[in-house]
Amino acid sequence: MTTGRKGPRASDEEVPVASGGPSPFSEEELAAVTGPGLADELDEVEAAAIEEDQDGVTPDLETSFEKLVSKSRKLSQDRIRTVVESVLFVAERPLSVDELWQATGIERELIAEALNQLSGIHRDGISGIVLYEVAGGWQFRTDPHSGEYVRRYLRVKPQRLTRAAVETLAIIAYRQPVTRPELEDIRGVDCGAVLKALIDRKLVKILGKREEVGRPILYGTTREFLEFFALKDLSALPTLREFHELTQEHREIVEKEVRPAPAAAGTVEALSDPGFTKRMEKNAAASEAALEDLEHAIEAAERTQKASSSVLDTPPKPETGAEGPKPE
């Protein structure tokens with residue numbers, strides 16, 4: 001076969017091309033040899049449907065769910081646990097029991113039993129993935145003790161809140177629905193910028209307006225607030241009594257976070273000193289003895305006061321002389 005060019009076609013060895021130099025072929029010659037690109041060819045091809053059933057019919061969701069329910073009735077409890085675990089693993093947010101039922105068709109009682117088993121398997125300090133009940137649902141999260149390593153791998157910074165944001169968020173969480181004037185009355189400073197930042201982070205939302213003069217806006221916490229602090233619901237918020245019952249380790253963490261004044265620093269260390277209790281008992285005994293002495297002194301003073309009062313209340317005797325009693 002011959003080409004349209006005159007003479008024999010030169011081989012690659014006979015065409016010296018300098019590195020980086022211009023090509024000896026024109027653009028028209030290259031286009032005639034290579035033809036249209038692959039992208040142009042694919043643009044002319046119609047895409048095939050690959051998401052349909054074999055029969056080419058879109059499945060009926062209701063019929064499919066009925067089949068799923070029928071199939072789930074034959075599953076063992078171990079298999080049900082693995083199904084629930086798989087769904088929770090791919091979920092992007094906490095799932096409730098009803099949502100798990102809609103996804104699997106498994107009876108709610110069996111789902112609850114599976115969640116109970118998974119909670120025992122994936123628990124804090126035992127598994128690298130922990131199952132939490134947050135925001136009215138269930139969600140897999142990384143073990144808190146492994147957070148530093150996970151953040152380093154993902155190259156993300158830990159989410160932190162400023163002290164002003166924490167104070168404002170705490171007031172809203174415990175007193176919601178609350179208005180901005182009430183927040184500022186408690187904190188004593190303007191809360192407009194902090195409120196806006198909390199709303200932007202979806203930790204606080206507007207609940208409505210109060211039926212009073214001026215109709216101030218009411219603020220409350222969101223579902224993201226529960227997820228952020230890993231709370232089941234608002235009733236899971238710690239109380240003041242629970243704070244006082246914190247363990248020694250948690251007290252040290254709290255004192256470190258709030259950075260107490262120098263006068264208050266070291267309170268936890270003093271309480272943990274073995275000799276501190278003995279000193280307190282000794283001081284208490286000394287205080288009781290001093291208080292007893294004080295009570296005796298008060299009783300003696302009262303007796304002296306009563307004796308003095310009885311003497312002062314006695315009427316004086318009339319004075320007598322040589323000439324008889326003096327006339328009044």
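**Close-ups of the salt bridges**

**Figure 1. The whole protein, before we zoom in.** Added up over the protein, the accessible surface is about 26100 Å², and carbon and sulfur atoms account for 55% of that. Keep in mind that this is a predicted model. The protein has 328 residues, and 18% of them are buried. Its chain forms 15 helices along with five strands. What share of contacts between residues at least 6 apart in sequence join residues at least 24 apart? That share is 44%. Searching the whole structure for salt bridges turns up twelve, and the next views pick out a few of them.

**Figure 2. Glu-133 reaches Lys-232.** Here Glu-133 and Lys-232 form a salt bridge, with 3.5 Å between the closest N and O atoms. Where do the two partners sit in the chain? Glu-133 belongs to strand β1 (residues 129–134), while Lys-232 lies in the loop between α11 (223–228) and α12 (240–244). That puts the partners 99 residues apart, so this pair links distant parts of the chain. Are they buried or partly exposed? Glu-133 is partly exposed, at 30% relative accessibility, and Lys-232 is partly exposed too, at 40%.

**Figure 3. Arg-163 and Glu-167 pair up in helix α8.** The closest N and O atoms of this salt bridge are 3.5 Å apart. Why can these two be partners along one helix? Both sit in α8 (residues 163–175), and because they are four residues apart, about one helical turn separates them. Arg-163 is exposed, with a relative accessible area of 56%, whereas Glu-167 is partly exposed at 32%. The pair also has company: Arg-187 joins Arg-163 and Glu-167 in a network of salt bridges.

**Figure 4. Lys-196 meets Asp-200 in helix α10.** In this view the two side chains come together in a salt bridge, at 3.2 Å from N to O. A bit of background helps here: side chains of opposite charge can pair when their charged atoms come close. Helix α10 covers residues 192–200, and Lys-196 and Asp-200 are four residues apart in it, so the separation is about one helical turn. Is Lys-196 buried or exposed? Lys-196 counts as exposed, with 54% relative accessibility. Its partner Asp-200 is exposed as well, with a relative accessible area of 51%.

Notes: Residues are numbered from 1 along each chain as its sequence is written. This is a predicted model: local features need pLDDT of at least 70, side-chain atom pairs count only at pLDDT 80 or more; totals for chains, interfaces and linings use all residues. Side-chain values use heavy atoms; hydrogens and water are left out. Buried means under 20% relative accessible area, exposed over 50%, partly exposed in between (1.4 Å probe, protein chains only). Contact means heavy atoms within 4.5 Å. Accessible areas come from the Shrake-Rupley method with a 1.4 Å probe; for residues, only the protein chains shown count as cover. A salt bridge is a side-chain nitrogen of Lys or Arg within 4 Å of a carboxyl oxygen of Asp or Glu.
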